[in-house]
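I opened my notebook to look up salt bridges and strand pairing in one protein chain. Here is what I wrote down as I went along.

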Amino acid sequence: MNNLKEYLIPFIGLKIGKHQFDYQLDNTFFAHFDYDEFNDASIKVSVVLEKKSTMLTLEIKHKGTVNVPCDVSGEEFDLAIKGKLNLIVKFGDTYNDEHEELLILPHGEFQVNVAQYIYESIVLSVPLRRIHPGIKDGSLTDVIKKLEALAPKENKAIEQNNDIDPRWENLKKLLTDK
């Protein structure tokens, strides 16, 4: 986490008003959080800090692509993601980040670390089920054929053989003979 100093925004010297900070993220950013779900990442993040007399507001937007494996076929593909997070920063006696959209910093604090909030907003913008676009539109025909070939088939031999083993019949009698 010490290598994330570029995500510390010192707000003490900033004038009242809006200030923009831009970041370009790749897998090295996610390595700091021990997150290895992405094969590759290219995400542009824009943080707009609005300084007011008694509080700060942060608007974190991200847009880009992450390379992930498909949950159905296992094929890797680039998934487009985008998202937005609004954060209100107020000042109080102690540090408190229990609320999703509210951060309370101690009165003497002069900077805010946005790395955790950027990380959370990106990870939460990735859908739970990641399906390759070729599976949805049918353009990955060889993969679809392979999945159909590997799909479980109905076993007609079991359906035709309705004869029950006599040992099971004796066990069923034990349940009914009480």
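Entry 1, a definition first. Two strands count as paired if DSSP finds at least two bridges between them. I also noted that I am working with a predicted model.

Entry 2, strands. I looked up β3 (40–51) and its neighbours. Which residue of β4 stands opposite Ile43? I found Gly64 there. Twelve bridges join β3 to β4, and the two strands run antiparallel. I then checked how the chain gets from one strand to the other: β3 and β4 form a hairpin, with four residues between them.

Entry 3, the other neighbour. Strand β2, residues 17–25, also pairs with β3 in the antiparallel sense, this time over nine bridges. I picked out one position in β2–β3 to follow by eye: the bridge partner of Tyr23 is Val45 in β3. A reminder to myself for looking at strands: in a regular strand the side chains alternate between the two faces of the sheet.

Entry 4, salt bridges. How many salt bridges does the count come to? I noted four. I started with Lys84 and Glu59, whose closest N and O atoms are 3.8 Å apart. Lys84 sits in strand β5 (residues 76–92) and Glu59 in strand β4 (residues 56–69), so this pair ties together parts that are 25 residues apart in sequence. Is Lys84 buried or exposed? Lys84 counts as exposed because its relative accessibility is 51%, and the cut-off for exposed is over 50%. Glu59, at 25%, counts as partly exposed.

Entry 5, Arg130. I found Arg130 in a salt bridge with Glu37, the closest N and O atoms being 3.8 Å apart. Glu37 is in the loop between α1 (27–31) and β3, while Arg130 is in the loop between α2 (115–125) and α3 (133–137), and the two are 93 residues apart. Arg130 forms a salt bridge with Asp71 too, and here the closest N and O atoms are 3.9 Å apart. Asp71 belongs to the loop between β4 and β5, 59 residues from Arg130. I wrote the three names side by side: Glu37, Asp71 and Arg130 are linked in a network of salt bridges.

Entry 6, accessibility in that network. Why does Arg130 count as buried? Arg130 has a relative accessibility of 11%, and buried means under 20%. Glu37 counts as partly exposed at 37%, and Asp71 is partly exposed at 39%.

Note on methods
Residues numbered from 1 in each chain as written. Predicted model: local features only at pLDDT ≥ 70, side-chain atom pairs only at ≥ 80, totals over all residues. Heavy atoms only, no water. Salt bridge = Lys/Arg side-chain N within 4 Å of Asp/Glu carboxyl O. Buried < 20%, exposed > 50% of the residue type's maximum accessible area, 1.4 Å probe, protein only.
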